[in-house]
Amino acid sequence: MKVFLVALSLLLGILPGWAGSKYESRITSLENEKWWGGMVGLGSQMPFKDLRLFDLAAENLNNQNVPLLVSSQGRYIWSDKPFSFKVENGDLRIYSDYESLEPVLAGNTLKDAYLAASAKHFPPSGKLPDSLFFSIPQYNTWIELMYNQNQEDILKYADNILKNDSLLAYSWSTITGRNIMAISISSRSVSPIRKG
């Protein structure tokens with residue numbers, strides 16, 4: 001039994017580092033280089049020093065993942081597909097099922113790295129969202145309640161909005177066949193959202 005437990009411990013210690021991926025990249029950090037990115041939920045641990053293996057495909061930490069890492073020395077790593085990564089003594093290890101990933105040198109600063117990655121992989125469209133997104137409050141049960149959407153908490157949320165904002169009016173209707181309410185909240189002073 002003791003031999004089995006030792007073998008199991010070794011196996012569990014090796015598997016996370018291997019991650020079963022086709023491609024592994026070992027990226028040595030430059031002098032004084034720090035890395036950010038991957039998961040917004042890890043923001044308090046950035047810049048990374050040591051970080052256990054995180055899989056962008058399997059661990060979404062509140063739907064805030066992006067396959068982008070940026071460094072203080074102007075380098076970035078991007079993939080159109082999710083990858084796994086960990087940090088050991090400031091150095092990156094990246095595992096991918098799709099491609100070998102290497103850093104791109106874009107300049108000398110974190111800003112240079114981000115701007116280059118953005119220009120190449122997710123350039124801004126130059127179009128502004130509808131002005132209603134900036135001119136009236138946006139209420140969203142998904143943000144407020146996350147995964148625990150339920151009638152009681154949705155009604156409490158709507159009641160609190162009404163108690164704290166006298167310009168709003170709301171209505172509700174029961175969704176057919178379900179024990180949940182759909183709540184529509186709108187401002188009396190705003191015209192309907194434009195289509196198109």
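# Exercises on burial, contacts and ring pairs

Lys81 has a relative accessible area of 40% and is therefore partly exposed. The model used throughout is predicted.

## Exercise 1: Lys81

Find where Lys81 is placed and which residues it contacts beyond its neighbours within four places in sequence.

Solution.
- Step 1. Partly exposed covers the range between 20% and 50% relative accessible area. Lys81, at 40%, is partly exposed because its value falls in that range.
- Step 2. The residue belongs to the loop between E5 and E6.
- Step 3. With neighbours within four places in sequence left aside, Lys81 contacts Pro67 and Tyr98.
- Step 4. Glu99 is 18 residues away from Lys81 along the chain, and their C-alpha atoms are separated by 8.8 Å.

## Exercise 2: The chain as a whole

State how many helices and strands the protein chain has, and what share of its residues is buried.

Solution.
- Step 1. The protein chain contains 5 helices and 10 strands.
- Step 2. Of its 196 residues, 30% are buried.
- Step 3. For contacts between residues at least 6 apart in sequence, 61% join residues at least 24 apart.
- Step 4. The exposed area of the chain is about 13400 Å², and carbon and sulfur atoms supply 56% of this.

## Exercise 3: The nonpolar cores

Describe the largest nonpolar core and name the elements that give two or more residues to it.

Solution.
- Step 1. The largest nonpolar core comprises 17 residues, and those with the most contacts inside it are Phe48, Leu69, Ile77, Phe85 and Ile94.
- Step 2. Two or more residues of this core come from each of strand E2 (35–39), strand E3 (51–55), strand E6 (84–88) and strand E7 (91–96).
- Step 3. Another core, of 6 residues, lies apart from it; Leu68, Val70, Tyr76 and Ala113 are among its members.
- Step 4. Take Leu69 as an example. Outside its neighbours within four places in sequence, its contacts include Trp35, Trp36, Gly37 and Gly38. Further contacts of Leu69 include Phe48, Ile77, Phe85, Leu92 and Ile94.
- Step 5. As a general remark, nonpolar side chains tend to be buried together in soluble globular proteins.

## Exercise 4: Two strand residues

Decide whether Leu92 is buried or exposed, do likewise for Ser84, and list what each touches beyond four places in sequence.

Solution.
- Step 1. Leu92 is found in strand E7. Its relative accessibility is 1%, so Leu92 counts as buried.
- Step 2. Not counting residues up to four places away in sequence, Leu92 touches Ser25, Arg26, Ile27, Trp35, Leu69, Ile77, Lys86 and Val87.
- Step 3. One of these, Trp35, is 57 residues from Leu92 in sequence, with 8.6 Å from C-alpha to C-alpha.
- Step 4. Ser84 is in strand E6. At 6% relative accessibility, Ser84 is buried because the cut-off is under 20%.
- Step 5. With the exclusion of residues up to four places away in sequence, Ser84 touches Leu53, Phe54, Asp55, Arg93, Ile94 and Tyr95.

## Exercise 5: Aromatic pairs

How many aromatic pairs does a search of the whole structure find?

Solution.
- Step 1. The search finds 4 aromatic pairs.
- Step 2. For Phe48 and Phe85, the ring centres are 5.9 Å apart and the planes meet at 55°, so this pair is tilted.
- Step 3. Phe48 sits in the loop between E2 and E3 and Phe85 in strand E6, so the pair ties together parts 37 residues apart in sequence.
- Step 4. Phe48 is buried at a relative accessible area of 2%, and Phe85 is buried at 0%.
- Step 5. Trp78 and Phe122 also form a tilted pair, with 5.5 Å centre to centre and 40° between the planes.
- Step 6. Trp78 belongs to strand E5 (residues 75–78) and Phe122 to the loop between helix H2 (110–121) and helix H3 (132–135), so this pair ties together parts 44 residues apart in sequence.
- Step 7. Trp78 is buried, at 17%, whereas Phe122 is partly exposed, at 29%.
- Step 8. Ring pairs also link Phe48, Phe83 and Phe85 into a cluster.

## Exercise 6: A surface patch

Which residues make the nonpolar surface patch of about 370 Å²?

Solution.
- Step 1. The patch is made by Trp142, Ile143 and Tyr147.
- Step 2. Ile143 lies in helix H4 (residues 141–145).
- Step 3. The relative accessibility of Ile143 is 64%, so Ile143 counts as exposed.

Note on methods: Residues are numbered from 1 along each chain as its sequence is written. This is a predicted model: local features need pLDDT of at least 70, side-chain atom pairs count only at pLDDT 80 or more; totals for chains, interfaces and linings use all residues. Side-chain values use heavy atoms; hydrogens and water are left out. A nonpolar core is a set of buried Ala, Val, Leu, Ile, Met, Phe, Trp, Tyr and Cys residues joined through side-chain atoms within 4.5 Å. Buried means under 20% relative accessible area, exposed over 50%, partly exposed in between (1.4 Å probe, protein chains only). Helices (H or I, at least four residues) and strands (E, at least two) are DSSP runs, numbered from the N terminus. Contact means heavy atoms within 4.5 Å. Patches are made of residues with over 30% relative accessible area and no salt bridge: like charges are joined within 9 Å, nonpolar side chains (Val, Leu, Ile, Met, Phe, Trp, Tyr) within 5 Å. Accessible areas come from the Shrake-Rupley method with a 1.4 Å probe; for residues, only the protein chains shown count as cover. A salt bridge is a side-chain nitrogen of Lys or Arg within 4 Å of a carboxyl oxygen of Asp or Glu. Rings of Phe, Tyr and Trp (its six-membered ring) pair if their centres lie within 6.5 Å; planes under 30 degrees apart count as stacked, over 60 as edge-to-face and the rest as tilted.
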